[in-house]
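Good morning, colleagues. Today I should like to discuss helix packing in a single structure, which I now ask you to look at.

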Amino acid sequence: MAERHLLIGNWKMNLGPTQAREFASTLAHRIPALTRTDVWVCPPTISLSAVCDELRRSSISVGAQNVHWAKSGAYTGETSPDFLKDIGITFSLLGHSERRTYFGETSETVAMRTESALAEGITAVVCIGETEQERMAGATQKVLQEQLEPVFKRIEATTALRLVLAYEPVWAIGTGKVASLEDIAATHQFIRGLWTNRGYQCQPTILYGGSVNPQNFREILGIKEVDGALVGGASIKLDQWLDLIAIAEATGI
Ligand code: PEP
């Protein structure tokens, strides 16, 4: 289990540069000193520079929502890991279910992007999760394994240290539905098992994501297999986001 909690806010396609800068500025002023929590935020690509500028002197890290596998070239609409590093980006989400569902991202392209991010020194937060249909069919573990296998194939033991996994049941994202505490614990254990079978020596950081809010977070973070959360909606509601940070700070590791 990780030594600190990790809380990542995925702003999705919300907060353009002006609004993102304002939000980041207020967040930087209101965030408490952190003793056991790392707070990371992922603005949309066009807002990254503004947010990096605003949070440069804060404890908050800024990350991208995706990264391409090539350093440059004919890939219209994509972002090179080099360009992200140029503006101070230290991590990126990869394989978010919205990328997989709406933009044809496959586990293989997620693995290619992950390999490239890690090779360039960008921490990769790889998102995995089953759909409701897959869950009903009893295929959750099979799906998670299939999503992770191509990633594991490309990751060396040395770079695995900078890999974070986010278990996000697709049916729980933005729906208000949350997996049961038992299911979250069992699934995180299963993911840890896949990691250990791969022979990596380090312990993975594994986050839960899917409709996390200040009402349910304390219990979720109380599960010993859960190292933190990937949060969408509640991460752009300032009071809720600060409440989540306060809960993480108040919860023992
Ligand atoms: C997400 O975007 O990864 C997410 C978990 O969203 P929400 O918290 O809104 O369900």
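Let me begin with the crossing of α1 over α2, which is right-handed. Please bear in mind throughout that this is a predicted model. Helix α1 covers residues 17-30 and helix α2 covers residues 48-55; their axes lie 8 Å apart, at an angle of about 20 degrees. The two helices are therefore roughly parallel.

Which residues make this contact? From α1 they are P17, A20, R21, A24, S25 and A28, and from α2 they are A50, V51, D53, E54 and L55. Sorted by class, the contact of α1 with α2 comprises 7 nonpolar, 1 polar and 3 charged residues.

Helix α1 has a second partner to consider, namely helix α11, residues 238-250. Here the packing angle is about 35 degrees and the axes are 11 Å apart. The crossing of α1 and α11 is right-handed. On the α1 side, F23, T26, L27 and R30 take part, meeting L238, D239, W241 and L242 of α11. By class, this contact of α1 with α11 has 5 nonpolar, 1 polar and 2 charged residues.

I turn finally to helix α5, residues 107-119. Its 13 residues reach 18 Å from the first C-alpha to the last, close to the 18 Å expected at 1.5 Å a residue. Which residues of α5 are buried? They are S107, T109, V110, A111, R113, T114, S116, A117 and L118. After α5 comes G121, with a positive phi near 85 degrees.

Thank you for your attention.

Note on methods
Residues numbered from 1 in each chain as written. Predicted model: local features only at pLDDT ≥ 70, side-chain atom pairs only at ≥ 80, totals over all residues. Heavy atoms only, no water. Axes fitted to C-alpha atoms, helices over the stretch in contact; angles between N-to-C directions. Helix = DSSP H or I, 4+ residues; strand = E, 2+ residues; numbered from the N terminus. Parallel < 35°, antiparallel > 145°, perpendicular 65-115°, else oblique. Left-handed = near helix turned anticlockwise from the far one by under 90°. Contact = heavy atoms within 4.5 Å. Nonpolar A, V, L, I, M, F, W, Y, C, P; charged D, E, K, R; others polar. Expected span 1.5 Å × (residues − 1). Buried < 20%, exposed > 50% of the residue type's maximum accessible area, 1.4 Å probe, protein only.
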